[in-house]
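Me: I should like to learn how to read the features of a structure that is new to me. Please take me through them in order.

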Amino acid sequence: MEDGNYESNSDDEDECPCISVYQKVKTAVRKIKKCEKLEESLRHFCANLQINYLKLIKDMPVRWNTSYLMFERYLRLRPAIEKTLSSDSSLSKLVLCDDECMVLQQFITFLKPFYEMTNIISVQLTPTLSLTAAVYIELY
């Protein structure tokens with residue numbers, strides 16, 4: 001930071017594991033969902049590892065709660081996703097190491113209260129204006 005201005009440096013992005021973890025998960029999910037062969041491979045590895053197969057959830061920019069759901073689903077299916085990604089040499093670089101999975105778990109821990117409170121306030125048939133103060137207190 002010089003003179004109060006922050007200059008973006010592309011090297012900074014390599015040092016922050018949060019950016020790379022998010023991008024790796026988002027890319028892996030997008031690639032698997034886009035390719036029927038990879039989707040089938042994921043189903044196969046889930047069955048072999050005795051993991052209940054669930055569809056992957058893509059992050060959507062206009063619905064930020066989908067980031068939380070994408071991260072949670074990724075960790076739930078992690079062993080099968082790792083095997084699926086490892087089966088394709090061009091995707092093996094997207095496999096998360098243990099430290100990256102810890103960062104992902106921290107994302108989930110951070111986003112969970114926001115996800116839960118958003119769901120409480122978003123109920124359509126319940127008056128929620130009175131809940132906003134309680135949600136604000138809970139989050140802050």
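The dialogue below treats confidence, the core, charged pairs and one buried acid.

Me: What should be settled before reading, and what is the mean pLDDT of the protein chain?

Reply: This is a predicted model, in which local features need pLDDT of at least 70, side-chain atom pairs count only at pLDDT 80 or more, and totals for chains, interfaces and linings use all residues. Residues are numbered from 1 along each chain as its sequence is written, and side-chain values use heavy atoms, with hydrogens and water left out. The pLDDT is the predictor's confidence in each residue, from 0 to 100. Here the chain has a mean of 83, and 77% of its residues reach 70 or more. Over residues 1–15 the pLDDT is below 50.

Me: Which residues have the most contacts inside the largest nonpolar core?

Reply: A nonpolar core is a set of buried Ala, Val, Leu, Ile, Met, Phe, Trp, Tyr and Cys residues joined through side-chain atoms within 4.5 Å. Buried means under 20% relative accessible area, exposed over 50%, and partly exposed in between (1.4 Å probe, protein chains only). In this model the largest core has 28 residues, and Val25, Phe71, Tyr74, Ile81, Leu85 and Leu104 have the most contacts inside it. Its largest share, 6 residues, comes from α6; helices are DSSP runs (H or I, at least four residues), numbered from the N terminus.

Me: How many salt bridges are there?

Reply: Side chains of opposite charge can pair when their charged atoms come close. A salt bridge is a side-chain nitrogen of Lys or Arg within 4 Å of a carboxyl oxygen of Asp or Glu. The count comes to 6. One of them joins Asp98 and Arg78 at 3.0 Å, N to O. Asp98 lies in helix α6 and Arg78 in helix α5, so the pair ties together parts that are 20 residues apart in sequence. Arg43 and Glu40 also meet in a salt bridge of 3.0 Å, and these two are 3 residues apart in helix α3, about one helical turn.

Me: Is Asp59 buried or exposed?

Reply: Asp59, found in the loop between α3 and α4, is buried yet has no salt bridge. The nearest side chain of opposite charge, that of Lys26, is 4.3 Å away; Lys and Arg count as positive and Asp and Glu as negative, while His and the chain ends are not counted. A polar contact is a pair of N or O atoms within 3.5 Å; within protein, one must be able to donate a hydrogen and the other to accept it, and residues adjacent in sequence count only if both atoms are side-chain atoms. The side chain of Asp59 makes such contacts with the side chains of Thr66, at 3.2 Å, and Ser67, at 2.7 Å.

How values were computed: Contact means heavy atoms within 4.5 Å.
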